[in-house]
Amino acid sequence: SAVVIQGGIHGIAACMLLHSSNPDTLLLCINALLVLSREEQNLVLMASEHIPSIIKTVQEKNSDEEELLKRCSELLSKLSEGETESRVKIHHRVFAVLFVGVLQLLMDAVEEARRDQEQLPKFPEFAALMSYLCKGASDAAVVDNNNNKQCWEKLEVSSCNYRKSRLTDGDPSTYWESSGRSGSHWIRLHMNEGLVIKSLCISVNKMDSSYMPQTVTVQGGSSTEDAIDLNSVLIPVHFTGEYEVLSNIKVYYAVIIIKIKKCHSAGIDVRVRG
């Protein structure tokens, strides 16, 4: 079946990466892939497993192995023929549709059991599936200040909107400073669809003194109207760095609100550095 073949291709790819400097092993792997490449659908599976990029790595590390280079070039030529790239996109799209369909069936079963107040059917695969979904969502959209990759669609603040870019510039020497009455300050994140938070931190500096957050509450919901309290923390006055305010949330919240309830030394406005 396609699943078995894809598993085999994945195994060959892993073997090539593991033995990327062993010409004999690599030649066996390339020959196996060439046999599989006789079927068009297998070319799509190979491209999906990033075989072309792996082959290029093999070529770079084994530039003096003529036979291996020849077979690599032959396989690359096959992978680049026609519209393999567009077929890969179709393959991913079809897989996504099928996956959503399966997930919907599972969620329908959960909802039916809840509505009828019955015990859920025991599907061992269901717990594993949800675990991988949560892990995948949190791993797939990690904030990286180096390339400004974001896990949210929109960021809002309670005041001084022109300073909010300082929350995401990756520079601990800059900060967003609010303006308003004590306890009225917040940062609101409109999250990317399906993302489940693994860890959420805010960056603070003890040198901010009365501007430094002390009591922080994090809320989550499908909108600002139905947001509920998820966690509350007290940040020590001597702390400088990234302080975790939320971790290991099991479900998706479309909106996350970080509320600064109180500052140290009875401060009114707040400074958050990231």
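In this predicted model, His-264 counts as buried, because its relative accessibility is 7%, below the 20% limit for that class. The residue sits in the loop that links β8 (255-263) to β9 (271-272). A polar atom of the His-264 side chain lies 2.7 Å from the backbone oxygen of Ile-235. Leaving aside residues up to four places away in sequence, His-264 touches Ser-209, Ser-210, Met-212, Pro-213 and Gln-214, together with Ile-235, Pro-236 and Val-237. Ile-235 thus appears twice in the surroundings of this histidine, as the owner of the backbone oxygen at 2.7 Å and as one of the residues touched.

It helps to set this site against the whole chain. The protein chain comprises 7 helices and 9 strands. Of its 274 residues, 35% are buried. Among contacts with a separation of 6 or more, 68% join residues 24 or more positions apart. The accessible surface comes to about 16,300 Å², and carbon and sulfur atoms contribute 54% of that area.

Helix α5 offers a clear case of a helix with a buried side. This helix covers residues 66-80, and its 15 residues should span 21 Å at 1.5 Å a residue; the end C-alpha atoms are indeed 21 Å apart, so the expected and modelled spans agree. Buried positions in α5 are Leu-68, Cys-72, Leu-75, Leu-76 and Leu-79. These residues lie on the same side of α5, because they cover an arc of only 100° around the axis. On the face turned away from that buried side, α5 carries the exposed residues Glu-66 and Lys-70. Cys-72, one of the buried residues of the helix, has a relative accessibility of 0% and therefore counts as buried.

The cysteines also invite a look at possible cross-links. Cys-29 is likewise buried, because its relative accessible area is 8%, again under the 20% limit. The closest cysteine sulfur to that of Cys-29 belongs to Cys-15, at 3.7 Å, which is too far for a bond, given that a disulfide requires sulfur atoms within 2.5 Å. For the model, the disulfide count comes to 0.

Technical notes. Residues numbered from 1 in each chain as written. Predicted model: local features only at pLDDT ≥ 70, side-chain atom pairs only at ≥ 80, totals over all residues. Heavy atoms only, no water. Helix = DSSP H or I, 4+ residues; strand = E, 2+ residues; numbered from the N terminus. Buried < 20%, exposed > 50% of the residue type's maximum accessible area, 1.4 Å probe, protein only. Polar contact = N/O pair within 3.5 Å; in protein donor to acceptor, adjacent residues only side chain to side chain. Contact = heavy atoms within 4.5 Å. Areas by Shrake-Rupley, 256 points an atom, 1.4 Å probe, with all protein chains shown as cover. Expected span 1.5 Å × (residues − 1). Arc of directions from axis to C-beta.
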